[in-house]
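Work through the two exercises below with the sequence and the model open side by side, and try each task before reading its solution.

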Amino acid sequence: KERFGLLDKNYQVFKPLTEADKLFIEETGKAIAEKAITAVRAENKLLPLTKVNTKQVLLVNISHTDKIANYNQTKKLLEERGAKVDVSYCLSVFDWNWRMTELEKYDRIIFCLENKYLDPVGTAYLRGKEAETAWLAKYLPKDQVVIISYSNPYYANFYFRNMPVCINAYSSDKFIQEAVVK
């Protein structure tokens, strides 16, 4: 303890970040994020998302609890590219089945899966509205759907085996979202 200065009365456990620290964090975060993303499948030439193929986008959060606010960064980045972006928490088949034609206006529907195993405590499997949303996604035109798993890397293959575009992003932090949209 003495060697590390822990007994010093003026010792600070947490110290403010310097500008150099902040820059290091920013650069390292971006570098790691760009290498971490995995395109499980990228068929049908749906990627990359461009101004031409993504004029109107629906971001759909699939999770046990509404986490759509976590994707404000993705929404902002797509809007900066000129896309009109709407957001939704789950597309329950019971809410949308009778009005599926309303979804035709979107060039891309990006399903953002994010389930943390302990938020809430329970099964890692999709259930309730999120399971209904996964079921509904399978009935949308495949050239319209992009699946991004921001947590469990097995979701893309387990629930969306037949979707042509599935991406594992592993986290929904700002660095990962920037790399996904890039």
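**Exercise 1: Thr74 and its helix**

In this predicted model, the side chains of Thr74 and Gln177 are joined by a polar contact of 2.6 Å. Starting from that pair, place Thr74 in its helix and decide whether Thr74 is buried or exposed.

*Solution.* Begin with the secondary structure: Thr74 belongs to helix 2, which covers residues 72-80. Next, consider accessibility: the relative accessible area of Thr74 is 4%, and since buried means under 20%, Thr74 counts as buried. Then list the surroundings: apart from neighbours within four places in sequence, Thr74 has contacts with Leu59, Tyr150, Gln177 and Val181.

Now widen the view to the helix, whose buried residues are Gln73, Thr74, Leu77 and Leu78. Seen down the axis of helix 2, these buried residues fall within an arc of 130°, so they line one face of the helix. An α-helix has 3.6 residues a turn, so residues three or four places apart point the same way. The cover over the buried residues of helix 2 includes strand 2 (56-62), strand 3 (84-89), strand 4 (108-113) and helix 6.

**Exercise 2: The largest pocket**

Find which elements give two or more residues to the lining of the largest pocket, and describe that lining by residue type.

*Solution.* The largest pocket holds about 200 Å³ of space, and its lining draws two or more residues from each of helix 2, strand 5 (145-149) and helix 6 (174-181). Helix 6 gives the largest share, 3 residues. Of the 16 lining residues, Leu47, Ile167, Ala179, Val180 and Val181 lie nearest the centre. By type, the lining consists of 14 nonpolar residues, 1 polar and 1 charged.

Methods:
Residues numbered from 1 in each chain as written. Predicted model: local features only at pLDDT ≥ 70, side-chain atom pairs only at ≥ 80, totals over all residues. Heavy atoms only, no water. Helix = DSSP H or I, 4+ residues; strand = E, 2+ residues; numbered from the N terminus. Buried < 20%, exposed > 50% of the residue type's maximum accessible area, 1.4 Å probe, protein only. Polar contact = N/O pair within 3.5 Å; in protein donor to acceptor, adjacent residues only side chain to side chain. Contact = heavy atoms within 4.5 Å. 1 Å grid on protein atoms, 1.4 Å probe; cavity = no way out; pocket = protein on both sides within 12 Å on 5 of 7 lines; lining within 4 Å. Points joined across faces, edges and corners; volume = space filled by probe spheres on them. Nonpolar A, V, L, I, M, F, W, Y, C, P; charged D, E, K, R; others polar. Arc of directions from axis to C-beta.
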